[in-house]
Amino acid sequence: MHVVSREHFLAVLRGESNDVISWTMGFFDEKLAAALLGEDCIPSDILPGPAFSYGASPRHDWEVKARFSQRAEIPAVAVGWGASLSFGHGGPGEFLEKVTSATGNRRLTVYETGVHKEVRYEPHFYHNYDYPLDNLNSLGLPLPDPNDPLRYQGLADEVAHHKARNRMTYANLNGFFSGVHYFLYPYDKLLMDLLLEPKATKDVVDQLGSFNLQVARHLLQAGVDIICFCDDLGSDRSLLISPGLYREFFLPWHWRLVELCHSYDAIVHMHSHGNINAIMDDLYSIGIDLLNPVDPAEEMDLARLVEAYGDRMTFVGGINKFFFGWDEERQWDYLKHLYESVKQGFFLMDSGGIPEQVSKTQWERYKEMKQTLGEKRRFALSR
């Protein structure tokens with residue numbers, strides 16, 4: 001089974017290798033992950049427990065998490081309690097979660113900020129509700145202490161364990177836009193209040209931004225290689241907000257995160273669904289290192305983006321959101337074109353996690369296609 005070394009990862013990141021490295025965004029749920037990858041690579045902390053759990057993953061899970069990343073074709077290991085199933089979520093860098101009720105097909109949880117979440121299986125569904133803020137003029141945000149040492153207990157040891165075995169490590173951080181509507185305030189109200197209540201909105205964003213950067217510093221001090229965060233800023237056709245609003249409210253915090261991470265020689269990996277072409281110059285200028293998912297169904301053309309921004313940015317993605325609903329021949333043709341049209345190295349990522357209808361046979365065939373095309377690509381580019 002192929003293992004991505006630190007050297008190989010960094011060579012693609014720095015433009016020194018034209019290889020394509022697979023990076024699976026995640027799985028719709030832990031049941032699917034177990035069915036596709038095997039029960040022996042599912043860590044015990046993949047689901048939240050009845051109490052908030054802090055710090056490192058349980059030590060007995062460290063190699064289990066490495067197997068999870070290896071079999072899932074994720075070129076780095078997520079560190080911290082609960083950080084493995086889905087890109088950008090879980091671990092001490094994001095607000096923590098605990099279970100309040102669970103049955104075979106339904107799970108109810110609550111986060112540190114007080115927002116509740118419902119998760120359902122077959123079909124996959126989740127939503128957040130009972131937000132702690134009724135309006136953005138509330139006094140004080142319900143944020144935990146970002147400097148509580150318990151939050152990072154044992155994390156440096158977990159990171160060192162993987163680095164000593166030549167593995168890249170990553171930790172997840174709250175988004176600065178999505179972090180508000182995931183954990184503090186309803187999505188529709190946030191979008192309206194960017195225009196109707198700009199001062200109050202900026203105050204909330206700035207408080208969350210300050211929390212995020214303090215947390216990020218602790219993650220970096222523990223030696224984490226990559227800080228991942230999710231800020232979904234686009235729809236299928238355009239930004240959710242104007243470029244001007246992005247630059248006023250969120251770009252400064254993205255820039256501060258980049259500066260902080262780069263001061264530790266660490267990597268910033270940003271996730272943003274949607275057509276975000278209108279702010280690509282901004283993300284390029286501040287030094288975002290990795291960007292996903294670059295979905296062509298959302299008018300994000302990987303080949304064009306690599307040509308325009310690939311001297312400083314490395315792209316992660318390129319797979320159409322409808323890919324796993326296609327037949328095998330169409331999947332092959334799509335991947336073949338992608339591998340042949342993008343000459344610079346990149347990380348191949350699905351657009352939204354592996355969906356629950358994907359069978360073991362389909363999963364294995366998908367991996368085989370990537371391996372075959374990767375070998376053909378290396379041969380072609382070496383001639």
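Lys343 makes contact with Asn18, Arg377 and Leu381, once neighbours within four places in sequence are left aside. The model is a predicted one. In it, Lys343 sits in the loop between α12 (328-341) and β12. Asn18 is 325 residues away from Lys343 along the chain, yet their C-alpha atoms are separated by 6.7 Å. Is Lys343 buried or exposed? Its relative accessibility is 52%, and exposed means over 50%, so Lys343 counts as exposed.

**The parallel sheet**

The β12 strand that follows this loop belongs to an open sheet of 8 strands. Their order is β1-β12-β11-β10-β9-β8-β7-β2, and the pairing is parallel. Which strands stand at the edges? They are β1 (20-22) and β2 (76-78), each of which pairs on one side only. From one strand to the next, the twist averages 25°.

Within this sheet, β10 (residues 290-292) and β11 run parallel and are joined by 2 bridges. Leu290 stands opposite Thr314 of β11. Leu291 has Phe315 as its bridge partner in β11. Strand β11 (residues 314-318) is mostly covered, with 5 of its 5 residues buried.

Helix α1 (residues 6-13) lies across several strands. These are β1, β7 (168-173), β8 (226-230), β9 (267-271), β10, β11 and β12 (346-349). The helix runs at about 100° to β12.

**The antiparallel sheet**

A second open sheet has 4 strands, in the order β3-β4-β5-β6. Here the pairing is antiparallel. Why do β3 and β6 each have one side without a neighbour in the sheet? Strands β3 (97-102) and β6 (125-129) stand at the edges with a single partner strand each, so one side of each is left without a neighbour in the sheet. The twist in this sheet averages 25° from one strand to the next.

How many bridges join β5 to β6? There are 5, and β5 (residues 116-120) runs antiparallel to β6. Lys117 stands opposite Asn128 of β6.

**Cis bonds and positive phi**

Most residues other than glycine have a negative phi, and most peptide bonds are trans. Two loops hold exceptions, tabulated here.

| Feature | Residues | Value |
|---|---|---|
| cis peptide bond | Glu122 and Pro123 | omega about 10° |
| cis peptide bond | Asn292 and Pro293 | omega about 0° |
| positive phi | Glu122 | phi near 45° |
| positive phi | Glu299 | phi near 65° |

The loop between β5 and β6 holds Glu122. Pro123 lies in the loop between β5 and β6 too. Glu122 thus enters the table twice: a cis peptide bond joins Glu122 to Pro123, and the phi of Glu122 is positive. Its relative accessible area is 65%, so Glu122 is exposed.

The other loop runs between β10 and α11 (302-309), and Pro293 lies there. A cis peptide bond joins Pro293 to Asn292. Glu299 also has its place in the loop between β10 and α11. How does Glu299 count by accessibility? At 40% relative accessibility, Glu299 counts as partly exposed.

**The α7 and α9 pair**

Two packed helices are described by the angle between their axes and the distance between the axes. Helix α7 (residues 198-221) packs with helix α9 (residues 251-263) at an angle of about 15°. Their axes lie 10 Å apart. Why are α7 and α9 called roughly parallel? Angles under 35 degrees count as roughly parallel, and therefore α7 and α9 are roughly parallel to each other. The crossing of α7 past α9 is right-handed.

Which residues make the contact? Helix α7 supplies Val205, Asp206, Gly209, Ser210, Leu213, Ala216, Arg217 and Leu220. Helix α9 supplies Trp253, Arg256, Leu257, Leu260 and Cys261. By class, the contact between α7 and α9 has 8 nonpolar, 2 polar and 3 charged residues.

Technical notes
Residues are numbered from 1 along each chain as its sequence is written. This is a predicted model: local features need pLDDT of at least 70, side-chain atom pairs count only at pLDDT 80 or more; totals for chains, interfaces and linings use all residues. Side-chain values use heavy atoms; hydrogens and water are left out. Two strands pair if DSSP finds at least two bridges between them. Axes are lines fitted to C-alpha atoms, for helices over the stretch in contact, and angles run from 0 to 180 degrees between N-to-C directions. Angles under 35 degrees count as roughly parallel, over 145 as roughly antiparallel, 65 to 115 as roughly perpendicular and the rest as oblique. A crossing is left-handed if the near helix is turned anticlockwise from the far one by less than a right angle, and right-handed if clockwise. Contact means heavy atoms within 4.5 Å. Ala, Val, Leu, Ile, Met, Phe, Trp, Tyr, Cys and Pro count as nonpolar, Asp, Glu, Lys and Arg as charged, and the others, Gly among them, as polar. Buried means under 20% relative accessible area, exposed over 50%, partly exposed in between (1.4 Å probe, protein chains only).
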